[in-house]
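This report looks at the salt bridges of one model. The sequence and structure come next.

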Amino acid sequence: MARYVNVAIGQLGPVNKEDSRAAVVARLMNLMREAHQLDADLIVYPELALTTFFPRWYIEDESQLDSWCEAAMPGAETQPLFDLARELQVGFCLGYAELSVEQGEKRRFNTSILVDKNGVIVGKYHKVHLPGHREHEPWRAFQHLEKRYFTPGAEFSVFNAFGGRVGMAICNDRRWCETYRVMGLQGVEMVLIGYNTPVHNAPAPEHDDLSLFHNQLSMQAGAYQNGTWVVGVAKAGTEEGVEHIGGSCIIAPSGEVVASCVTKGDEVAIAHCDLDFCQIYKRTTFNFDVHRQPNAYGPITALKGEALLADGSPRHQ
């Protein structure tokens, strides 16, 4: 019996500083209703969907930082989204800033959750590849302080959901081949990725004109080389004076783009995804059990880069 998932892109336009959680959740619910009309099983929202992308500002006040985060999920302001999911029988993937306190230690994560059609959280992911910098750099047009504000995640898990094997990644994760391969080795069939990507790359402005190309290139390669569907969903448009690339799309295991958004505002696009189509690639060109040579890949986990060992110590003393 074929396994199909109708997956919808729930692209958001800008979310500005003064926008309330309630107003953003109302937009997410409108997108979910539209997805339901298109017979979607699942809708995917962007990274940090509930607020503006606050790591663009240098913030010293801890209480102000915490105000951008969710201490509970669902909370009072997000519960209506869970209720609507259960009513419409549409699952969702949502990115947000999480505030966690465990054994007296406070940590913030850049998080995404996978919620089933009954409004139950069935998977949680913490962003692993945090981009940007730790200290205030006034020379930049805007900051990118994810390394300062968030704790990196420690794993790429895959969850049994929507009749298949589903994984999550967030924004910068999509540029790293390890993201897809670790999930590929767990049999992933659909990778859900939310992102906020500005057009301008301060350390490398010569990349600005290639931003959309690199976005799609990374996700197409990840899909093809691991025989998986990839759903990439943007927060797009000009948010607090910063232009974002958009470019939300759904990519088949063949590497082909099968659905995409055409605006930089709130928009739904949908694809009818056959999870068994993954096997055409997983059983042939990318049959890992037959073709991979792990013995040759030692440096992948032994080294962090050209100069450092995996634990961060110098490679050459």
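E62, D66, K106 and R108 are joined in a network of salt bridges. The model is a predicted one. In total, the structure holds 19 salt bridges.

Within the network, D66 and K106 pair through their side chains, with an N to O distance of 2.9 Å. D66 sits in helix α2 and K106 in strand β4 (residues 105-115), so this contact ties together parts that are 40 residues apart in sequence. How buried or exposed are the two partners? D66 has 18% relative accessibility and counts as buried, because the limit for that class is under 20%. K106, at 36%, counts as partly exposed.

Two further pairs deserve a look. K127 bridges to E47. K127 belongs to the loop between β5 (121-126) and α4 (146-149). E47 belongs to the loop between β2 (42-44) and α2 (62-66). The pair links distant parts of the chain, 80 residues apart. Both K127 and E47 are buried.

R148 and E135 also meet in a salt bridge through their side chains. R148 lies in helix α4, and E135 in the loop between β5 and α4. The two are 13 residues apart. R148 counts as partly exposed, at 33% relative accessibility.

The distances for the three pairs are set out here.

| Salt bridge | N to O distance |
|---|---|
| K127 and E47 | 2.9 Å |
| D66 and K106 | 2.9 Å |
| R148 and E135 | 3.2 Å |

Note on methods:
Residues numbered from 1 in each chain as written. Predicted model: local features only at pLDDT ≥ 70, side-chain atom pairs only at ≥ 80, totals over all residues. Heavy atoms only, no water. Salt bridge = Lys/Arg side-chain N within 4 Å of Asp/Glu carboxyl O. Helix = DSSP H or I, 4+ residues; strand = E, 2+ residues; numbered from the N terminus. Buried < 20%, exposed > 50% of the residue type's maximum accessible area, 1.4 Å probe, protein only.
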